[in-house]
Structure formats: structure tokens, C-alpha cells
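Here are some notes to read alongside the structure, in the order I would go through it with a colleague. I hope they help you find your way around.

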Amino acid sequence: MSDFAAVPSVNPRALMELSSGFFAAKTLAAAVELNLFGLLSERGGLTIEELANERDIHPRPAEMLLSGCASLGLLVTDGQRFVNSPLAAEYLVPGGRYYFGDYITMLDQRVYPGWMKLSEGLRRNAPTTWDPRERPSLFDPRDPDMMRTFWRGMHSMSVFTARALGDAYDFTRVRRLLDIGGGGAAYTIELCRAYPHLTATVYDLPFVCEQTKVRIAEAGLGHRIACVGGDFFADDELPGEHDAALLSSVMHDWSEAEDLTILRKARAALPAGGAILISELLMDDDRSGPAPAAMFNLLMLVETQRGRNYTGAQYERWLREVGCHEVVRIPVKGISANAVVVGTVR
């Protein structure tokens with residue numbers, strides 16, 4: 001019998017791509033750390049030798065980095081000079097409205113080390129980016145540099161999805177929005193830009209609000225967006241006088257019981273006819289995917305004590321349980337959310 005009879009019918013190429021995916025992620029992270037894309041934008045392109053001189057590195061790794069980024073579609077070359085691709089020019093040059101580099105930096109400095117200990121997290125059912133025995137919460141402010149990196153990264157990730165949410169859901173009926181756990185105000189800033197009539201309140205931990213006020217001022221929206229410091233578990237009530245409450249990438253941090261607590265307080269803060277919006281990267285109802293949501297689900301093991309990604313069906317059931325009706329699920333073409341689940345308060 002020929003040896004070819006034992007050759008598998010399935011090619012292992014997909015496994016090679018999965019197992020080496022980290023190479024591409026670290027290439028991108030290293031380029032962001034060196035501010036490669038900002039430098040290329042300033043100079044209109046660089047040769048290998050010019051990059052080596054600018055960053056005081058040997059030409060050998062300079063060539064490897066440039067070639068690696070070109071292979072990933074981040075750079076374009078004529079064989080001599082390298083320039084930013086349209087993707088890099090739009091999202092990876094510091095100072096751009098939709099700059100994505102802060103999220104990449106946050107992953108590199110905080111999240112990747114935790115992912116490298118994923119097996120430990122699976123065995124212990126515990127986060128690996130921080131130690132619950134040393135800190136009371138993921139959002140503990142005692143490491144201000146890392147918290148600053150974390151919140152800048154969250155803003156960087158959220159800003160594009162916020163715009164997608166504004167396209168998917170009609171906010172013309174909303175006059176005053178309560179952004180619960182609104183972090184760096186990415187959602188409120190983008191929504192207020194898209195809907196000139198809208199005013200908003202960002203409700204988050206006091207130390208987060210201090211950073212958020214800077215973002216709001218930079219956007220020139222201090223007259224339309226307020227910040228209120230608080231804790232949605234410790235506070236008896238959430239800020240009132242709003243007609244919609246937004247929970248964007250908040251619910252996945254907590255258990256079902258904790259999420260229901262948040263939703264009950266959101267419902268109590270709204271008048272009849274008000275809307276609760278849950279913007280998330282939803283798992284399929286059978287929990288078989290999609291892959292981005294399933295990987296984010298594992299990220300919740302790495303980053304949280306009790307969080308996980310939930311399905312649209314779960315959010316719909318919870319909204320009805322806390323007193324909403326007309327519950328709908330609307331697709332969102334975002335990167336950190338694929339849908340918004342909306343319930344109308346009875």
C-alpha cells in the first residue's frame with residue numbers, strides 16, 4: 001500500500017496560521033512602540049537605513065520590521081522607501097481622530113502578559129493580568145500609569161464602534177443620555193458629534209471621571225457632556241433626568257447577578273418610555289461563536305473575576321426581567337460590538 005494513503009485529507013495550514021498569529025500582533029505592537037507610523041507620516045516615507053538612523057537600531061532589525069509591517073498591509077514600498085498604507089495612515093498616526101495605537105499599547109503592556117498565562121487562568125478560574133489577592137478590583141486606581149494606559153486603550157478601541165452605534169440606532173428620539181460606566185467618554189463624544197441636539201452624562205468611578213473630563217474638554221463638548229463620579233454597585237441610585245441609558249462594553253465585566261443589579265438601577269433611573277441600550281460583542285445564542293466574541297470571552301477570564309461574554313438572548317431576557325418591553329436586537333458594524341440590545345421601560 002502506498003504511503004500516500006495515510007496522508008490526512010485536512011491541511012494543517014489553518015493551525016499554522018492560528019499558532020503564529022501572535023507574531024503579527026507583536027510586530028504591530030513593536031511598530032507602535034517605536035512610533036514607526038508617526039515617523040513615516042512626518043517624513044513622507046523612509047528607507048531601511050534612514051529608519052535605522054532615526055531609531056538608533058541596526059539595519060538588520062530595521063529591515064525586518066519594515067518588511068514585516070509591509071507584509072501585514074501596514075506599509076507600502078517601492079523596493080527602497082516605505083510609506084504608510086491607507087490603513088496605517090488613518091488609524092496608527094498619533095493625533096488622528098480614530099487613533100488605534102493606544103489600544104495596541106494597552107494590549108502589549110497589560111493584556112498579552114496575561115494571555116501568556118491563559119492555562120493558569122483556566123486551572124484557577126481567576127484573572128491573570130492582575131491578582132485579586134493584592135487588589136480589590138480590575139479597576140483599582142493604585143497603579144495610575146497602568147490605569148491611564150488601560151483607559152486610553154479603551155477609548156481608542158471604542159471610538160470607532162461608537163460611531164457605528166450612532167449609525168445603527170436612531171438617537172434623534174433621545175434628548176439626554178446617561179452613559180453608565182462610560183470610561184473615557186468615547187461613546188458620548190462621538191454620539192454628541194453625530195447628533196447635535198444630544199446632551200449626556202458620563203457616570204463612572206471618580207478617578208476615571210478625572211481623566212474623562214480632559215477628553216471631553218479636548219473635544220470641545222464640555223457644555224454638552226457632564227461627568228458624575230460614582231459606583232453603580234455602591235450607590236443606591238444612578239443620576240436621573242435622562243431618557244436613555246447606555247451600557248457600552250460594561251456588562252461583560254460582571255456576573256449575571258451583578259448585571260441584573262446594574263440593569264435594575266438603570267431602569268429605576270429612567271421614566272416610562274425611556275430606553276436601555278446594551279452595546280456588546282454578542283456571542284451567538286448557541287455559544288458557538290463568532291470567533292471575535294469567543295476570543296473576547298476568553299479575554300474576560302484573563303481580565304476579570306466573574307465576567308464573560310453573553311448572548312443576545314440572555315440580554316433580551318434580562319431586560320424583560322427588570323421591566324422592559326419592546327426588546328429588540330439591532331446589528332452594529334463595530335469592532336468592539338456587533339449589536340445593541342434595546343429595551344423600552346414600561
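1. First, a word on vocabulary for the pocket linings: Ala, Val, Leu, Ile, Met, Phe, Trp, Tyr, Cys and Pro are counted here as nonpolar, Asp, Glu, Lys and Arg as charged, and the others, Gly among them, as polar. By that scheme the lining of the largest pocket divides into 28 nonpolar residues, four polar and one charged. Please keep in mind throughout that this is a predicted model.

2. Let us stay with the largest pocket. Its space comes to about 1300 Å³, and 33 residues line it. If you would like to centre your view there, go to A25, Y103, L107, Y112 and M295, which lie nearest the centre of the largest pocket. Two or more lining residues come from each of α1 (13–19), α2, α6, α7 (101–115), α9 (144–168) and α13 (291–303). Which element gives the largest share of this lining? That is α7, with six residues.

3. The second largest pocket has a volume of about 610 Å³. It is lined by 38 residues, and those closest to its centre are F139, W151, G181, S249 and D253. Here α7, α9, α10 (186–194), β4 (199–204) and α13 each provide at least two lining residues, with the largest share, six residues, coming from α9. As for character, this lining divides into 22 nonpolar, eleven polar and five charged residues.

4. Now for enclosed space. How many cavities of 30 Å³ or more does a search of the whole structure find? The search finds one, and the volume of this largest cavity is about 40 Å³. Around it you will find M157, S249, H252, E280, L281, F296 and S336, a lining of three nonpolar residues, three polar and one charged. You may recognise S249 in this list, since S249 is also among the residues closest to the centre of the second largest pocket.

5. Strand β3 (residues 176–180) deserves a look of its own. Four of its five residues are buried, so the strand is largely enclosed by the rest of the structure. β3 runs parallel to β4, and five bridges join the two; within this pairing, L178 stands opposite T201 of β4. Between these strands the chain passes through α10, making a right-handed β-α-β crossover. β3 also pairs in the parallel sense with β6 (residues 244–248), over three bridges, and there the bridge partner of L178 is A245.

6. Helix α3 (residues 36–43) is another element worth rotating into view. Its buried residues are L36, F37, G38, L39 and L40. They pack against a varied set of neighbours: the helices α2 (21–33), α4 (48–55), α5 (59–71) and α6 (86–91), together with the strands β1 (75–77) and β2 (82–84). Just after α3 comes G44, which has a positive phi near 70°.

7. Is S85 buried or exposed? Its relative accessible area is 4%, under the 20% limit, so S85 counts as buried. This residue sits in the loop between β2 and α6. Leaving aside residues up to four places away in sequence, S85 touches G73, L74, L75 and V76. By contrast, S85 and V7 are 41 Å apart, C-alpha to C-alpha, with their positions 78 residues apart in sequence.

8. Finally, some backbone details to check in the loops. In the loop between β7 (275–280) and α13 you will find P290, joined to G289 by a cis peptide bond with omega of about -5°. R287 lies in the loop between β7 and α13 too; though not a glycine, R287 has a positive phi of about 60°, and its relative accessible area of 30% makes it partly exposed. E241, in the loop between β5 (225–229) and β6, is another residue other than glycine with a positive phi, near 65°. E241 counts as exposed, at 68% relative accessibility.

How values were computed. Residues are numbered from 1 along each chain as its sequence is written. This is a predicted model: local features need pLDDT of at least 70, side-chain atom pairs count only at pLDDT 80 or more; totals for chains, interfaces and linings use all residues. Side-chain values use heavy atoms; hydrogens and water are left out. Buried means under 20% relative accessible area, exposed over 50%, partly exposed in between (1.4 Å probe, protein chains only). Contact means heavy atoms within 4.5 Å. On a 1 Å grid over the protein atoms alone, a cavity is a set of points where a 1.4 Å probe fits but cannot get out, and a pocket is an open set with protein on both sides within 12 Å along at least five of seven lines; lining residues have an atom within 4 Å of a point. Grid points are joined across faces, edges and corners, and a volume is the space filled by probe spheres set on the points. Two strands pair if DSSP finds at least two bridges between them. A crossover is right-handed if, with the strands pointing away from the viewer, the path from the first strand over the helix to the second runs clockwise.
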